[in-house]
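Welcome! Take a moment to look at the structure below, and then let us walk through its sheet together.

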Amino acid sequence: NIKKDDVILSVFMDLLLRFYVIALSKFKNVKSVFDFCEYPYAPGKDTILKKIKQWIEMRLLFRFFDGIICISEQLTNFTKKYKSKHAQILKVPIMIDLNKNKDVQSYHSDIPYIFHAGTLTEKKDAILSTLTAFSMAIKTIYFPIKFILAGEDYSCWEQIQSLIKKHKLEDSVLFLGNLKNEDVFPYWKGASLAILNKNDNIQNRYGFSTKLGEILVSETAVITTTVGEANYYLKDGESAYIVPPHHPELIADKIIQAFINVEERKRIAKKGREIAEKEFDCVYQGERIVMFLESL
């Protein structure tokens, strides 16, 4: 069904399927575009097979695409090294539907809480460091707060439980398990604070956390690190709380600051929402993508 002037947009990672799509596009003489949202095969251990796949991806496949849509500045710069001379690049950040959760009611809690939804791992979301920071902060905050977590991938579950026991957090930390997407937003909306504690690694440097958009549009203040694409949009003390990575004591300081200075926290949360509405609106970004595809 492919016709002249059509564009094939690849939004998958399977190498064999991508080879097929590229071959098909060349045979049919149509344009081929790749949606590039993370460093090739960044998760997992550095095996020989992984390095072979990365070589094929970078050195071979990239040169055949007519256009590449990158989610971050780091990926954009990376792409320039391997793409063909004629290929065009468009940077498109995370996208959110501003109307999707417009009328969703926030989760009500008598005790203010921090909310986390995602992987419960140290490598990607630094969950152990975040819990350590939380344990430090509640020693200073003079009223009770909770840390509510939802997600999967319990690869460091024993370490999490050990840390909770060590710092006596049993009454302060609540695990919800793996929630459905539609059940997550009410918790974001009702939270006083969210923490995206990004360690300094390849996956976090080149990627862009999609849940950041959900957090910001829920008008919840967020603590994050200087690692990754978020720093091109957010500023410390203005639209987010931002600290260097691998420093739980600095995150603890920001938690204390956020809960003690309520008006400042609300101002930061409101500014974060304004940025999300301006930069991450899927309608606005969709129009940019259409213009990009038409330009090919």
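## A helix across the sheet

In this predicted model, helix H3, made of residues 73-82, lies across strands S2, S3 (67-70) and S4. Relative to S4, helix H3 runs at about 170 degrees.

What do the strands beneath this description form together? The 4 strands make an open sheet with parallel pairing, in the order S1-S2-S3-S4. Strands S1 (7-10) and S4 (88-91) stand at the edges with a single partner strand each, so one side of each has no neighbour in the sheet. From one strand to the next, the twist averages 20 degrees.

Here are the strands with their residue ranges.

| Strand | Residues |
|---|---|
| S1 | 7-10 |
| S2 | 31-36 |
| S3 | 67-70 |
| S4 | 88-91 |

Now let us look at S1 and its partner. Strands S1 and S2 run parallel and are joined by 4 bridges. Leu-9 has Val-33 in S2 as its bridge partner, while Ile-8 stands opposite Ser-32 in S2.

How does the chain get from S1 to S2? It crosses through helix H1 (residues 15-28), and this β-α-β crossover is right-handed.

Which residues of S1 lie on its covered face, and which on its uncovered one? Ile-8 and Ser-10 belong to the covered face, whereas Val-7 and Leu-9 belong to the uncovered face. Thus Ile-8, on the covered face of S1, is the residue opposite Ser-32, and Leu-9, on the uncovered face, is the one bridged to Val-33.

Notes. Residues are numbered from 1 along each chain as its sequence is written. This is a predicted model: local features need pLDDT of at least 70, side-chain atom pairs count only at pLDDT 80 or more; totals for chains, interfaces and linings use all residues. Side-chain values use heavy atoms; hydrogens and water are left out. Two strands pair if DSSP finds at least two bridges between them. Helices (H or I, at least four residues) and strands (E, at least two) are DSSP runs, numbered from the N terminus. Axes are lines fitted to C-alpha atoms, for helices over the stretch in contact, and angles run from 0 to 180 degrees between N-to-C directions. Contact means heavy atoms within 4.5 Å. Buried means under 20% relative accessible area, exposed over 50%, partly exposed in between (1.4 Å probe, protein chains only). A crossover is right-handed if, with the strands pointing away from the viewer, the path from the first strand over the helix to the second runs clockwise.
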